[in-house]
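Student: Could you take me through one part of this model up close? I'd like to see how the strands sit next to each other, and then what else is worth a look.

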Amino acid sequence: MAADSLFTQPAYLEPLIDSGCVGPETGWTPLAPPGVYRKAHSWGEFVFDHAFAEAYARHGLDYYPKLTVCTPFTPVPASRVASREQAGALQALATEQAASGVHALFLPEQEARQLEQAGWLRREQARYVWRQRGHADFDGFLAALNHKRRKNIRHERRQIAEAGYRIEWRRAAELDAALWTRVFAHYVDTYRARGMAPYLNLDCLRRWARVFPEAFWFCLAFHGDDCVAMAWYFEDGDRLCGRHWGSDGGHALLHFELCCYQGIARAIERGLSLFDAGVQGTHKLLRGFDAERSHSAHWFAHEGFREAIGRYLQRERIAIGDEVSALAAHSGYRHVAIDEPD
């Protein structure tokens with residue numbers, strides 16, 4: 001499996017296993033090659049297939065176990081199945097494991113299309129990314145937006161400053177024990193608010209901090225001496241990837257500041273071409289992000305379901321294409337040379 005990304009490297013994957021976040025007890029059984037998992041559920045993948053599992057169950061068939069090729073809990077595109085030979089080996093592994101199929105998630109578009117030519121089913125969904133358009137600084141980015149978006153962002157950031165918040169970027173490797181406890185509690189609270197248990201534990205985060213001392217960063221919001229909110233990021237080559245956020249729940253607008261504006265400003269400052277803030281959230285469109293397609297590829301052992309799901313995915317791709325086009329029409333960027341003054 002190609003290791004073109006930090007997120008496919010053993011240094012990222014092994015802490016997930018060594019800390020107990022990934023393993024048979026959590027429904028993620030690691031197989032060979034690295035990055036392939038025998039799954040007992042569909043959680044933590046961000047390409048949702050619960051409807052497929054329900055359809056299998058209605059026909060008295062088992063959808064689980066299935067094989068998933070991905071980075072657990074990390075919806076970041078990367079090369080995962082780069083050849084027909086690898087695709088064939090995964091299909092054989094699925095048969096050996098008595099799995100219903102194989103799901104390769106968050107692929108480069110070319111890789112997804114190559115798998116489609118090999119008989120897999122290609123799937124698309126919308127995601128939101130910020131791309132560098134030659135902005136020299138954050139003010140340059142704002143100047144590229146239309147008047148309404150620019151005014152709203154400045155208003156939101158002004159409220160953060162007037163409320164007395166202090167924003168700091170720190171390497172994960174530099175956090176002391178008290179701050180680790182605080183930021184992890186914020187992360188847990190985000191899941192608790194949804195009635196869920198967190199996917200990651202503190203041991204995993206601290207292992208990543210040791211092996212990625214220059215790539216793993218926290219953006220922290222302080223009120224006085226208290227860390228009231230955080231977002232963590234990884235720098236992966238030429239892109240900045242926002243991963244998770246959390247707060248103590250009482251601070252409006254900090255989510256946009258830490259997860260959108262600070263990430264954009266940092267990508268500009270570090271000379272990065274792309275800021276990937278995750279797969280969901282149309283609110284990002286209003287804050288300088290673009291809607292794009294993400295790609296996955298799927299192979300189902302059951303021929304009847306393969307044909308039925310293929311027809312569904314074909315209709316879904318058309319709908320996703322229409323959605324991305326419609327979202328592009330509502331971009332926050334100026335489409336004319338003359339804009340209203342501030």
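Tutor: β8 and strand β9 (residues 239–247) run antiparallel, joined by eight bridges. Keep in mind that this is a predicted model. If you want one pair to click on, take Met-230, whose bridge partner in β9 is Gly-246. The two strands make a hairpin with two residues between them, and Gly-237 there has a positive phi near 65°.

Now look at the other flank of β8. Strand β7 (residues 216–223) is also antiparallel to β8, again with eight bridges between them. Here Cys-219 has Ala-231 of β8 as its bridge partner. This pair of strands is a hairpin too, with two residues between β7 and β8, and Gly-224 in the turn shows a positive phi of about 70°. As for β8 itself (residues 226–236), ten of its eleven residues are buried, so the strand is largely enclosed by the rest of the structure.

Zoom out and you get the whole open sheet: eleven strands with mixed pairing, ordered β1-β2-β3-β4-β11-β5-β10-β9-β8-β7-β6. The edges belong to β1 (28–31) and β6 (165–171); each has a single partner strand, so one side of each lacks a neighbour in the sheet. On average, neighbouring strands here are turned by 30° against each other, ignoring direction.

Further along that order, strand β5 (residues 121–131) pairs with strand β11 (residues 290–300), antiparallel and over nine bridges. Tyr-128 is one residue to pick out, with Ala-291 in β11 as its bridge partner. Follow the chain on from β5 and you reach the loop that leads to α5 (138–143), where His-135 sits. Is His-135 buried or exposed? It's buried, because its relative accessible area is 8%, and the cut-off for buried is under 20%. Leaving out residues up to four places away in sequence, His-135 touches Trp-130, Gly-140, Phe-141, Ala-144, Ile-268 and Tyr-333.

One last stop, this time with helices. Helix α2 (residues 50–58) packs against helix α10 (residues 303–328) at an angle of about 145°, and their axes are 12 Å apart. The crossing is right-handed. On the α2 side you'll find Phe-52, Ala-55 and Tyr-56, which meet Phe-305, Ile-309, Tyr-312 and Leu-313 of α10. Sorted by class, that contact has seven nonpolar residues, no polar ones and no charged ones.

Conventions
Residues are numbered from 1 along each chain as its sequence is written. This is a predicted model: local features need pLDDT of at least 70, side-chain atom pairs count only at pLDDT 80 or more; totals for chains, interfaces and linings use all residues. Side-chain values use heavy atoms; hydrogens and water are left out. Two strands pair if DSSP finds at least two bridges between them. Helices (H or I, at least four residues) and strands (E, at least two) are DSSP runs, numbered from the N terminus. Axes are lines fitted to C-alpha atoms, for helices over the stretch in contact, and angles run from 0 to 180 degrees between N-to-C directions. Buried means under 20% relative accessible area, exposed over 50%, partly exposed in between (1.4 Å probe, protein chains only). Contact means heavy atoms within 4.5 Å. A crossing is left-handed if the near helix is turned anticlockwise from the far one by less than a right angle, and right-handed if clockwise. Ala, Val, Leu, Ile, Met, Phe, Trp, Tyr, Cys and Pro count as nonpolar, Asp, Glu, Lys and Arg as charged, and the others, Gly among them, as polar.
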